[in-house]
Amino acid sequence: MKAPFESLLACPDCRTAARMEGENTRCETCGREFESTDGVLVMMPSEPRVDTRGADNPHCQKWKSVAAESLDEYFELGNGVFRWIHHSAHKRVAQYPPSPEAWTLDLGCGGGAHFSYFSERESVVGVDVNLDSLRSARRRFPRARVMQADACRLPFRDGAFGTIISIYSLEHLFFLGDVLAEVRRVLADDGLFLVGLPCEGGWAWNLGRRFTSQRTLSKRYGLDYAQAIAIEHCNSARGVVRELRRSFQVERRRFFPFGWIPSVDLNLTLTLAARKSGQKAS
């Protein structure tokens, strides 16, 4: 039987149990209170990890201000080829349906891009650091359970989730090692970690970007998209896989579109299924 949602929660500061009080939540040990805003439960640590590399870069700041708009207008609605590429990892991850008897964590859920793929949405918790994206997810999916949290200090107890997915988010995380340590902590011993990545750093991905999104979005928004994305996408696909293998056992890799060619350079997206090192499939 699936545990109640409240039993998943832990204070991100002292790591002890947190109890829900109406729409808000309170740590039973340190007494810290966490409020909900627009249906989003905010459980950020008192001192979140902040990547400041792009703080003084005008192109990066401009991109941050228009990214949510472009994701819908260009990547989803205005470019059929990119939409086909973008959804490839979502479709591959959806081929591993999570058990309805265990909770699923959608790490870096953004505006809820994967929510429509869940057959048991009541068992999913979407987490992101961007509050505006989470508000968008709530507007699109009014019954979705979403939380603002720092992936370096997740507000959940050990082993809380049977499945954790992360699609198109790990390439953005400067503190990747810390995040993967948290994923390992909150994933059940027999749990499954599903990852979708762009083939960042690969020849085909870099060439495709140069002649599509880089050209179009630089002109549309008056920014140097290549410069901004170099900061935003701080991890290559190879770097993510290398870091992942430090504490997880990768059971399967699937490339797109040329699945029979296991190459980051000749493909556009990569999907991985992994478990904690030393754990076997149930």
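The following paragraphs describe the sheets, two packed helices and a surface patch of a predicted model.

Strands of a sheet pair through backbone hydrogen bonds, either parallel or antiparallel. In this model, 9 strands form an open sheet with mixed pairing, and their order is β4-β5-β8-β7-β6-β9-β10-β12-β11. The edges are held by β4 (36–37) and β11 (248–256), each of which has a single partner strand, so that one side of each is left without a neighbour in the sheet. At the β4 edge, the partner β5 (residues 40–42) runs antiparallel to β4 and is joined to it by 2 bridges, with T37 standing opposite V40 in β5.

Two helices are found against this sheet. Helix α3 (residues 131–140) lies across β4, β5, β7 (124–128) and β8 (146–148), and runs at about 170° to β8. Helix α8 (residues 237–244) also packs on the sheet, where it touches β10 (187–198), β11 and β12 (269–276), and its direction makes about 170° with that of β10.

An open sheet of 3 strands, in the order β1-β2-β3, shows antiparallel pairing. Its edge strands are β1 (18–21) and β3 (33–34), each of which pairs on one side only. Strand β2 (residues 24–27) is joined to β3 by 2 bridges, and R26 stands opposite E33 in β3.

On the surface, W203, L207, F211 and L266 make a nonpolar patch of about 420 Å². Of these residues, L207 lies in helix α5 (residues 203–211), and L207 counts as partly exposed because its relative accessibility is 34%, a value that falls between the limits of 20% for buried and 50% for exposed residues.

Technical notes: Residues numbered from 1 in each chain as written. Predicted model: local features only at pLDDT ≥ 70, side-chain atom pairs only at ≥ 80, totals over all residues. Heavy atoms only, no water. Pairing = 2+ DSSP bridges. Helix = DSSP H or I, 4+ residues; strand = E, 2+ residues; numbered from the N terminus. Contact = heavy atoms within 4.5 Å. Axes fitted to C-alpha atoms, helices over the stretch in contact; angles between N-to-C directions. Patch = residues over 30% accessible without salt bridge, like charges linked within 9 Å, V, L, I, M, F, W, Y side chains within 5 Å. Areas by Shrake-Rupley, 256 points an atom, 1.4 Å probe, with all protein chains shown as cover. Salt bridge = Lys/Arg side-chain N within 4 Å of Asp/Glu carboxyl O. Buried < 20%, exposed > 50% of the residue type's maximum accessible area, 1.4 Å probe, protein only.
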